[in-house]
Amino acid sequence: MSQVIALVDDDRNILTSVSIALQQEGFVTRVYADPQIALKAIGDNPPDLGVFDIKMPGLDGMELLRRVREFSSIPVIFLTSKDDEL
């Protein structure tokens, strides 16, 4: 059975590209552009791993992790990007 990864990011382009890359490696992905929906889904059907964006409007990745930790100890990786160059 394939490992399931929950991807949470408000940028749909990032969700799509990361999801495709993980699926090509044999993972099953669940993608969420809304962290509130992701929180409920993770509680209802926990994945094997979470990949959360840090900066999201409303509920950011750190707060999402804090709330997930209230009911789950799934491993989480933070993924973030900058859209400007220095």
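How do the axes of helix H2 (residues 35-44) and H3 cross, and within what distance do they come? They come within 10 Å and cross at roughly 20°, and the close-ups below start from there. This is a predicted model, where local features need pLDDT of at least 70, side-chain atom pairs count only at pLDDT 80 or more, and totals for chains, interfaces and linings use all residues. Residues are numbered from 1 along each chain as its sequence is written, and side-chain values use heavy atoms, with hydrogens and water left out.

**View 1. Helices H2 and H3 run roughly parallel to each other.**
Two packed helices are described by the angle between their axes and the distance between the axes. Helices here are DSSP runs (H or I, at least four residues), numbered from the N terminus. Axes are lines fitted to C-alpha atoms, for helices over the stretch in contact, with angles running from 0 to 180 degrees between N-to-C directions. H2 and H3 count as roughly parallel because angles under 35 degrees get that label. Their crossing is right-handed, meaning that the near helix is turned clockwise from the far one by less than a right angle. On the H2 side, the contact (heavy atoms within 4.5 Å) is made by Pro35, Gln36, Leu39 and Ile42. Leu64, Arg67 and Val68 supply the H3 side. Sorted by class, that gives five nonpolar, one polar and one charged residues; for this tally Ala, Val, Leu, Ile, Met, Phe, Trp, Tyr, Cys and Pro are nonpolar, Asp, Glu, Lys and Arg are charged, and the others, Gly among them, are polar.

**View 2. Val68 of helix H3 is buried.**
Its relative accessible area is 0%, where buried means under 20%, exposed over 50%, and partly exposed in between (1.4 Å probe, protein chains only). Setting aside neighbours within four places in sequence, Val68 touches Leu39, Ile42, Phe52 and Ile74. Leu79 sits 11 residues from Val68 along the chain, with 17 Å between their C-alpha atoms.

**View 3. Glu63 pairs with two arginines of helix H3, Arg66 and Arg67.**
Side chains of opposite charge can pair when their charged atoms come close. A salt bridge here is a side-chain nitrogen of Lys or Arg within 4 Å of a carboxyl oxygen of Asp or Glu, and the structure holds four of them. Glu63 meets Arg66 at 2.6 Å, N to O, and Arg67 at 3.0 Å, N to O. Arg66 and Glu63 are three residues apart in H3 (residues 61-68), so about one helical turn separates them. Glu63 and Arg67 are four residues apart, also about one turn of the helix. Glu63 is partly exposed at 22% relative accessibility, and Arg67 is partly exposed at 27%.

**View 4. Arg66 also forms a salt bridge with Glu70.**
The closest N and O atoms of this pair are 3.1 Å apart. Glu70 is exposed, with a relative accessible area of 58%, while Arg66 is partly exposed at 45%. Through shared partners, salt bridges join Glu63, Arg66, Arg67 and Glu70 into one network.

**View 5. Asp44 of helix H2 is exposed.**
Its relative accessibility is 55%. Thr16 is 28 residues from Asp44 along the chain, and their C-alpha atoms are separated by 23 Å.

Technical notes
Angles under 35 degrees count as roughly parallel, over 145 as roughly antiparallel, 65 to 115 as roughly perpendicular and the rest as oblique.
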